[in-house]
Amino acid sequence: MTVEKPAAGVRTYGGLNILRHLASLGAHPAAVAYSMTTLGAGMINSIFSFYYVKLFINKYKISEGAFHQSQVVYMVWNAVNDPLFGYLQDNSHVPCFSQRRLSILYGAPFYAIYAPGDWMSGVHLMVALCAFDGMLTFVLLAQCALFAEISGHHQSRLRLIKYNQVASLIGSSSVLFCGLLSQNMDDFPSFQGFTVLVAVLACGCMIYTGLHSKSRFDTKGSAPGSNYQGSGQSTLSFSLVFMVAFCNNFTMIFAEHLIPPNVLPSLAKSFMYGAGFICPQLVVLSSQSLLHGLGYYKIILLTFYVEAGMAAVMLVLGPHHYYILAFFLTANMVLVQAAFSLFNLPLADIIDSDLQRHKRSSPLSSMVFGTNALFTKPAQSLAPMLVVSILNQFGYENLKDAGRDANPSDLEALHTTMFYLVCVVPMCVAALQVSAWKPFSIRNSHTVDTMYIDG
């Protein structure tokens, strides 16, 4: 296996020896370097997205009004910063913007540095979300661009997906270990200590990517005529992000209310939550041969059909089949995350098509991902806003800590609402996803050796 030379200006600190060692072990150095950012981001993102709603609602006692205000500010910032950073990364002549590896290298410490405090919960939530997402966008946009720019070969991209899923599998296990060590956040000092450790490890992983990754277009000029108009897949992307946020933020809350502790104790639920983050990577890894043979288009479409079918069956069965409900909650997380994990493939094909159609000297990779996020990122705020509003209409704000002292009829109304949310939301969103995905025209990239010439 040939080991590529480090990108221009990279101070390797023995990095070339590391790459040679990886090659001698049969690992692909470029794929390892790319996937290290996924490992770091997976550790942070899994914990942040899974716990932040419960942390601020149950621990910091944030009011519904302050929660919504924070989510609105976050929604606006979340939508604006992606195309902004995308434009800078594709058009700037400043190396820390224009070179993907430097964007990751310099952005990594800021991405990992945020640690939660315990003051002014409304302002705190707003600052937490905006600061976290700003650096997440800067770093992960560069990584998404690397996905399209490391190689134009479909098989090479599937290899990146494979390495990426292994890294994501390891990174997402942080939710499992965090739940076990902190007793699902009941031991709050342990929770805080674990998150600090994760931040340090994640920063190191992303710095590795910044030192050792390389884009084929690092030495080429910025793309002229940055007139990318969007992919036409905004509805599908929005629904995917909405469902990821819905599952990540509320699976724990739904499980604690709908599945009695005598049926599934806290330890079993910790493994259930961990499985929801770990199994999607196993599903994608086990689907490599299907991705080679059938292509991502049919796999993603099948995922939407299965998601809708499972939700319909669960709705018919009712809320009292607790073990089936636990399986459904976990399986729904798995399907949603698996479909979302594959979505870089169609976006990369869109980048290839745009590069060829407009005869650009370099692709608008960050702009494609950034513009896509302009329409999809608001879903990350809308999902928790809508669900919290619905739950509070049925007394969740007052009943969440009431326990046995709660009025049985009020609690039953809340639980019924939760169950319908668990079933109806995935079923309706999956139907929308099928209608949005069917017209997608780039379906056979898995049968083409390369979309454009590497160089």
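Two residues are in contact when they have heavy atoms within 4.5 Å of each other. The model shown in these views is predicted.

**Figure 1. Overview of the predicted model, a protein with 18 helices and 0 strands.** The protein has 455 residues, and 59% of them count as buried. Its accessible surface comes to about 18,500 Å². Carbon and sulfur atoms account for 65% of that surface. Contacts between residues at least 6 apart in sequence are mostly between distant parts of the chain: 86% of them join residues at least 24 apart.

**Figure 2. The largest cavity, with about 1,300 Å³ of space.** The residues closest to the centre of this cavity are Asn45, Leu136, Leu140, Phe340 and Gln380, out of 47 that line it. Helix 2 (residues 29–59) gives the largest share of the lining, 10 residues. By class, the lining holds 21 nonpolar, 23 polar and 3 charged residues. Domain 1 (27–212) and domain 2 (233–438) both contribute to the lining, so the largest cavity lies between them. In the whole structure, the search finds 3 cavities of 30 Å³ or more.

**Figure 3. Val429 in helix 18 and its contacts with Ser239, Phe242 and Met243.** Helix 18 spans residues 408–437. Val429 has a relative accessible area of 13% and is therefore buried, the cut-off being under 20%. Neighbours within four places in sequence are left aside in the list of contacts, which consists of Ser239, Phe242 and Met243. Along the chain, Val429 and Ser239 are 190 residues apart. In space, the C-alpha atoms of Val429 and Ser239 are separated by 6.5 Å.

**Figure 4. His257 in helix 9 and its surroundings.** Helix 9 covers residues 234–258. His257 counts as buried because its relative accessibility is 16%. Apart from neighbours within four places in sequence, His257 is in contact with Tyr396, Lys400, Leu414, His415 and Met418.

**Figure 5. Ser151 in the loop between helix 6 and helix 7.** Helix 6 runs over residues 121–149 and helix 7 over residues 154–182, with the loop that holds Ser151 between them. The relative accessibility of Ser151 is 7%, so Ser151 counts as buried. Ser151 is paired in this view with Arg216, which is 65 residues away in sequence. From C-alpha to C-alpha, Ser151 and Arg216 are 7.5 Å apart.

**Figure 6. Arg157, a buried residue of helix 7.** At 2% relative accessibility, Arg157 falls in the buried class because that class takes in values under 20%. The view also includes Ala31, 126 residues from Arg157 in sequence. The C-alpha to C-alpha distance between Arg157 and Ala31 is 9.3 Å.

**Figure 7. Gln183 and Asn184, in the loop between helix 7 and helix 8.** Helix 8 comprises residues 188–212. Gln183 is not a glycine, yet it has a positive phi of about 55°. Asn184, also not a glycine, has a positive phi of about 55° as well. The exposure classes of Gln183 and Asn184 are given by their relative accessible areas. Gln183 is partly exposed because its value of 48% lies between the limits of 20% for buried and 50% for exposed. Asn184, at 5%, counts as buried.

Methods. Residues are numbered from 1 along each chain as its sequence is written. This is a predicted model: local features need pLDDT of at least 70, side-chain atom pairs count only at pLDDT 80 or more; totals for chains, interfaces and linings use all residues. Side-chain values use heavy atoms; hydrogens and water are left out. Helices (H or I, at least four residues) and strands (E, at least two) are DSSP runs, numbered from the N terminus. Buried means under 20% relative accessible area, exposed over 50%, partly exposed in between (1.4 Å probe, protein chains only). On a 1 Å grid over the protein atoms alone, a cavity is a set of points where a 1.4 Å probe fits but cannot get out, and a pocket is an open set with protein on both sides within 12 Å along at least five of seven lines; lining residues have an atom within 4 Å of a point. Grid points are joined across faces, edges and corners, and a volume is the space filled by probe spheres set on the points. Ala, Val, Leu, Ile, Met, Phe, Trp, Tyr, Cys and Pro count as nonpolar, Asp, Glu, Lys and Arg as charged, and the others, Gly among them, as polar. Domain bounds come from an automatic or database domain assignment. Accessible areas come from the Shrake-Rupley method with a 1.4 Å probe; for residues, only the protein chains shown count as cover.
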